[in-house]
Amino acid sequence: WIPSNIWVGVGQMTERQVTFELAPIYKKVNVDFHQAKGLSIHPEGGDGHDRPFVTVEYTDSARAGQTESIEYDFLVNATGPKLNFGATPGLGPETGYTMSVCTPSHALEANAQLQENIAALKAGERRTFVVGTGHGMCTCQGAAFEYIYNIDHALRETGVRDRARLVWISNEFELGDFGMGGVHITRGGYMTSSKIFAESLMVERGVEWITRAHVTRVEPGKIHYELLDGTYHELEFD
Ligand SMILES: Cc1cc2nc3c(=O)[nH]c(=O)nc-3n(C[C@H](O)[C@H](O)[C@H](O)COP(=O)(O)OP(=O)(O)OC[C@H]3O[C@@H](n4cnc5c(N)ncnc54)[C@H](O)[C@@H]3O)c2cc1C
């Protein structure tokens, strides 16, 4: 349950709570479930098949490593996004210097780092947390937008918010774009643009923001970014 990783990233949910076994669910609705990695798609058939087929390699413990061809009439290829930290040197938890909440294991690591920083703040140190979306071409802002408020909340709950600087950095043209040109929210008899909505949330919580930014490179403790107006900047972070 991917969206719940923003709670794993602040220690309010465990990995176990955001993952579940698919097999019993498919069994209940009579779907023949093959827990396997799709390897190739053959829409024209071939290789002894008159009909289209996919080749798969099983990943469940009983058949791990075995391959099979499965014929189909209609195929839905829904393999999700490929995390592209590699587009930005220094970005991402595996080969870079930043955390992520995109997978449960990333979110667990993010929470471990958050707790270490909260301990440092409690000891009287200051910390700068920068949350955002990295590369100028990335389109999904929602998870980061939610996560920054979870961090803000965790810092308030632990009584250390006053020693922390929280900064939002994204490629949105205006705050509240969310990668889709913004939305309008009808509430309490008013229609509010997500720009006003998002700016209000951040002002109320003392969160700074940088928009129209493309992060070009991250090095330990420093983000390099270019703004849409062509200027280059740096931002230090903990
Ligand atoms: C932290 C976070 C919070 C989010 N919050 C929200 C939210 O609040 N609201 C919202 O609408 N969206 C949210 N999103 C976005 C949303 O989670 C994604 O848009 C959605 O999960 C995409 O669904 P999908 O089925 O296309 O891909 P996925 O959910 O990524 O599923 C793809 C599946 O395919 C599997 N797969 C990949 N390759 C293969 C292969 N070769 N063979 C077999 N299987 C394969 C993967 O293991 C995965 O299980 C959030 C995303 C993140 C990271």
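**Surface and helix H5 of a predicted model**

Biologist: How much area does the protein chain expose, and what share of it do carbon and sulfur atoms supply?

Modeller: This is a predicted model, in which local features need pLDDT of at least 70 and side-chain atom pairs count only at pLDDT 80 or more, while totals for chains, interfaces and linings use all residues. Residues are numbered from 1 along each chain as its sequence is written, and side-chain values use heavy atoms, with hydrogens and water left out. By the Shrake-Rupley method with a 1.4 Å probe, the protein chain exposes about 14500 Å², and the share supplied by carbon and sulfur atoms is 53%.

Biologist: What percentage of the residues of the protein chain count as buried?

Modeller: The chain has 6 helices and 11 strands, taken as DSSP runs of at least four residues (H or I) and at least two (E), numbered from the N terminus. With buried set at under 20% relative accessible area (1.4 Å probe, protein chains only), the share among its 238 residues is 35%.

Biologist: How far apart are the end C-alpha atoms of helix H5?

Modeller: Helix H5 covers residues 142–157, and its 16 residues at 1.5 Å a residue (times one less than their number) should span 22 Å. The distance in the model agrees with this expectation, at 23 Å.

Biologist: Which helices are included in what covers the buried residues of H5?

Modeller: The buried residues of H5 include Phe145, Tyr147, Ile148 and Leu155. Judged by contact (heavy atoms within 4.5 Å), their cover includes strands S4 (127–132) and S5 (164–169), together with helices H1 (5–8), H4 (104–122) and H6 (194–205).

Biologist: Which residue just after H5 takes a positive phi?

Modeller: The phi in question is about 75 degrees. The residue that takes this positive value just after H5 is Gly159.

Methods:
Buried means under 20% relative accessible area, exposed over 50%, partly exposed in between (1.4 Å probe, protein chains only).
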